[in-house]
Amino acid sequence: MFWGDYVVTMADVAARAGVTKQTVSNVVSGKKVRPETLAKVNKAIAELGYKPNLVARSLRTGSTSTVGLFVPSVANAFYSEVVEEVENLLVGRGYNLLLATTRDDPDYTRVHLENLTARSVDALLVAGDNGVEQQLPMLAAATFPVALFAWEGDPPTTLPVVSIDYQHAGFLAGSHLRELGHRNVAVVADLPAHTPRVEGLRRAFAPDGLDDRKVFACTSDDAAGGFDAACAALEADPELTAIFATHDVLAVGAIEAVVRSGRRVPEDVSVVGFDDIAHVGRIRPALTTVTFPKREMAQQAVELLLRAVDSGRPPTNVVSLLRPTLTVRDSSGPARQDGPTLHDGPARHDG
């Protein structure tokens, strides 16, 4: 890369970051360095606009300097944020990203895998498990390193997995609602995909039980689906005091359903979501949700793969489950002790 009329070199990056040239080389080649050192080098690379000589490295090592990434959909805000994290990490190490969507479709996934093999990527990351389970034998037989992440079902034994403890995440949401005094809780869920999240909530409410009739499957995985399922929940039991949605977009639809019914959030009905996507802290009321360590998950998965590329050996066959946290905002509050207060028209939230 040219900086004015000057070609930026690895030595320039090292000087800007205050590290050795070998350290910059380690970062660019994907070797493990301390997180604070990695941050300094990546910042210097971005500031100077340094680009490794990928053609020379490809000729020297046989590497294509490309990592494939499969996600179910880029329309899903969670996965679009994950894509950005992975891309930032790869670019900082001198790799290109080849993105494809699985659309939760096994046949579509298989075709993409076959095409990807022909393109000769250095490694492959696969996010999400819907539509992928049937292709695990093909993934395990790939000639390049493969790692799975954001995998919600039972992890396979044939490939490394970096994911979230989804059941514990559901337990955190349930424990929060139970501590606030809620016992009459409905679930708005993308089923069967999010079954572990619902099971975690059930575990939190084990002393009280969670009626199966209080679990409402969404007909679509978007705000409209959350709205329809929450409307069904409120109609089935007008005395509900809380709704747990198995991801944030569904929760946004659930909040709209509560407000349109003439109830207030959280005074009449608390709503808790899942994922902590970027905008949910800015809606009214700001959404209480389970927060995932997306960057840490992406970083672990990328480093796992690039270490395998660098060593020429398959990645370590591990299962790493990262712990989520709960971010409490305005959409959850103490359970009301009397019946819901109904208003004429949509309620106004002043909090």
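Okay, to kick off: which residue follows α3, and what is the sign of its phi? That's Gly-49, with a positive phi near 70 degrees. One thing before I go on: what you have on screen is a predicted model.

Let's stay with α3 for a minute. This helix runs over residues 35–48, so to speak, 14 residues. From first C-alpha to last, α3 reaches 20 Å, close to the 20 Å you'd expect at 1.5 Å a residue. Now look at the burial pattern. Thr-37, Leu-38, Val-41, Asn-42, Ala-44, Ile-45 and Leu-48 are buried. Those buried residues sit on the same side of α3, because they cover an arc of only 160 degrees around the axis. Flip to the other side of the helix and you get Pro-35, Lys-43 and Ala-46, which are exposed.

Next, the sheet. What order do its strands come in? Reading across, we have β4-β3-β5-β6-β7-β13, six strands in an open sheet, with parallel pairing. At the edges are β4, residues 96–101, and β13, residues 319–322, and each of those pairs on one side only. Going from one strand to the next, the twist averages 20 degrees.

Zoom in on the β13 edge. Strand β7, residues 161–164, runs parallel to β13, and four bridges join the two. If you want a pair to click on, Val-161 stands opposite Val-319 in β13.

On to the packing. As a general point, nonpolar side chains in soluble globular proteins tend to be buried together. Here, the largest nonpolar core has 70 residues. Val-86, Leu-125, Phe-149 and Met-297 are the ones with the most contacts inside that core. Take Leu-125 and ignore anything within four places in sequence: what does Leu-125 touch? Its contacts are Gly-68, Leu-69, Phe-70, Val-86, Ala-147, Phe-149, Ala-301, Val-302 and Leu-305. So to speak of partners again, Val-86 and Phe-149 are on that contact list, and both also appear among the best-connected core residues. Apart from the largest core lies another one, of 16 residues, including Ala-100, Leu-116, Val-146 and Leu-148.

Last stop is a loop residue. Glu-133 lies in the loop between β5, residues 123–127, and α7, residues 136–140. Glu-133 is partly exposed, at 38% relative accessible area. Along the chain, Glu-133 and Pro-155 are 22 residues apart, and their C-alpha atoms are separated by 9.8 Å.

That's my tour, thanks.

Methods. Residues are numbered from 1 along each chain as its sequence is written. This is a predicted model: local features need pLDDT of at least 70, side-chain atom pairs count only at pLDDT 80 or more; totals for chains, interfaces and linings use all residues. Side-chain values use heavy atoms; hydrogens and water are left out. A nonpolar core is a set of buried Ala, Val, Leu, Ile, Met, Phe, Trp, Tyr and Cys residues joined through side-chain atoms within 4.5 Å. Buried means under 20% relative accessible area, exposed over 50%, partly exposed in between (1.4 Å probe, protein chains only). Contact means heavy atoms within 4.5 Å. The expected span of a helix is 1.5 Å times one less than its number of residues. The arc is that of the directions from the helix axis to the C-beta atoms. Two strands pair if DSSP finds at least two bridges between them. Axes are lines fitted to C-alpha atoms, for helices over the stretch in contact, and angles run from 0 to 180 degrees between N-to-C directions.
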